[in-house]
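Reader: Before I rely on any label here, I would like to see how each term is reached and what value stands behind it. Could you take me through the reasoning?

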Amino acid sequence: MADGRTYRDPEIAGVRALLASMPNTETGQDDWTTRRAGIDGFGDMQPLPDGVAVETLDIAGLAAERLTPSGAEDGRALLYLHGGGYCIGSPRSHRGLAANLAAAIGCFALVPDYRLAPEHRFPAAVDDAVKAYRHLLGEGIEPARIVIAGDSAGGGLTFAAAIAIRDGGLPQPGCLFGISPWVNLGQTGVAYAAVLDDPMLTREGLQAFADAYLQGEGPHHPLASPALADLHGLPPMLLHAGGAEILASDTAMLAERAGLAGVEVRAEIWPEMIHVWHAFAPWLGAGRRAVDEAAAWIRGRLA
């Protein structure tokens with residue numbers, strides 16, 4: 001009860017207390033350099049699974065990390081797209097989350113250091129995500145054995161990349177996994193008004209990220225807000241959102257529209273959980289369960 005409330009899952013109170021003790025990189029007034037250092041510092045707090053090898057790559061000018069857990073199966077890959085509102089975040093900030101998911105799946109993870117706003121406006125991040133996917137295909141990995149996944153803005157980028165892959169005539173990956181995906185940059189939906197104690201996100205903070213990323217492009221562009229896009233022909237998708245985050249509305253919108261487009265979709269909203277609770281797996285059993293259950297779903301859809 002670190003915040004004075006009683007939770008069915010008492011560990012989430014401890015996570016909320018941890019967040020309250022840290023700088024808020026979503027609504028803070030610091031410059032981008034300081035905010036980026038803050039989220040990378042959080043990444044440094046997360047231990048990696050035993051035996052994970054970390055390798056830096058240069059994909060024709062696109063920096064990336066390759067995370068290879070011990071016992072990873074050859075020929076199967078996770079393309080992980082980090083969150084951070086398209087303005088902060090890096091492979092370093094999300095190394096623990098990506099490595100945990102890769103280890104649970106039993107494959108290596110490729111985590112591109114895609115270009116960030118405001119230095120690089122929309123759709124630079126989408127272009128870099130597709131470039132990383134092309135790299136995996138160029139390694140000889142069958143598309144049906146690739147999962148694209150990401151959290152928050154990286155979750156939105158997951159579905160934007162799949163749309164760009166489809167429209168570019170490339171073969172689709174085996175499946176998609178969005179963790180608290182930000183897929184509607186218009187910031188609309190029931191959760192924005194119903195969730196009064198989201199400890200990580202605000203409508204105003206998200207709007208600041210959207211403005212820095214879009215730089216005049218409308219939020220309804222399908223590669224900016226994939227929940228509003230034509231979703232026909234996309235691969236099976238799994239969506240996770242927390243019941244205590246405003247982005248639950250984005251997951252609900254994407255799930256409905258994907259299902260109506262004939263896409264196999266499974267959407268889960270976890271009670272009491274906050275934005276990207278998977279990243280708190282070292283301190284939160286629900287985070288570990290979410291990673292393990294997602295990995296089981298992914299393994300069932302990769303050839």
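Author: Let us begin with a cut-off: a residue is called buried when its relative accessible area is under 20%. This is a predicted model, and in its helix α2 the residues Arg35, Arg36, Ile39, Asp40, Phe42 and Gly43 are buried, so each of them falls under 20%.

Reader: What puts these buried residues on the same side of α2?

Author: They cover an arc of only 150 degrees around the axis, and therefore lie on the same side of α2. In general, an α-helix has 3.6 residues a turn, so residues three or four places apart point the same way. Part of what covers the buried residues of α2 is α7 (203–214).

Reader: How do you know that the span of helix α2 agrees with its 13 residues?

Author: The expected span is 1.5 Å times one less than the number of residues, which for α2 (residues 32–44) should give 18 Å, and because its end C-alpha atoms are 18 Å apart, the two agree.

Reader: What makes the contact at the start of α2 a polar one?

Author: A side-chain oxygen of Asp31 reaches to within 3.0 Å of the backbone nitrogen of Thr33, and the cut-off for such a pair of N or O atoms is 3.5 Å, so the contact qualifies.

Reader: Why are β7 and β8 said to pair?

Author: Pairing needs at least two bridges, and β7 (residues 237–242) and β8 have six, in the parallel sense. One of the bridges joins Ala241 to its partner in β8, Ile269.

Conventions:
Residues are numbered from 1 along each chain as its sequence is written. This is a predicted model: local features need pLDDT of at least 70, side-chain atom pairs count only at pLDDT 80 or more; totals for chains, interfaces and linings use all residues. Side-chain values use heavy atoms; hydrogens and water are left out. Helices (H or I, at least four residues) and strands (E, at least two) are DSSP runs, numbered from the N terminus. Buried means under 20% relative accessible area, exposed over 50%, partly exposed in between (1.4 Å probe, protein chains only). The arc is that of the directions from the helix axis to the C-beta atoms. Contact means heavy atoms within 4.5 Å. A polar contact is a pair of N or O atoms within 3.5 Å; within protein, one must be able to donate a hydrogen and the other to accept it, and residues adjacent in sequence count only if both atoms are side-chain atoms.
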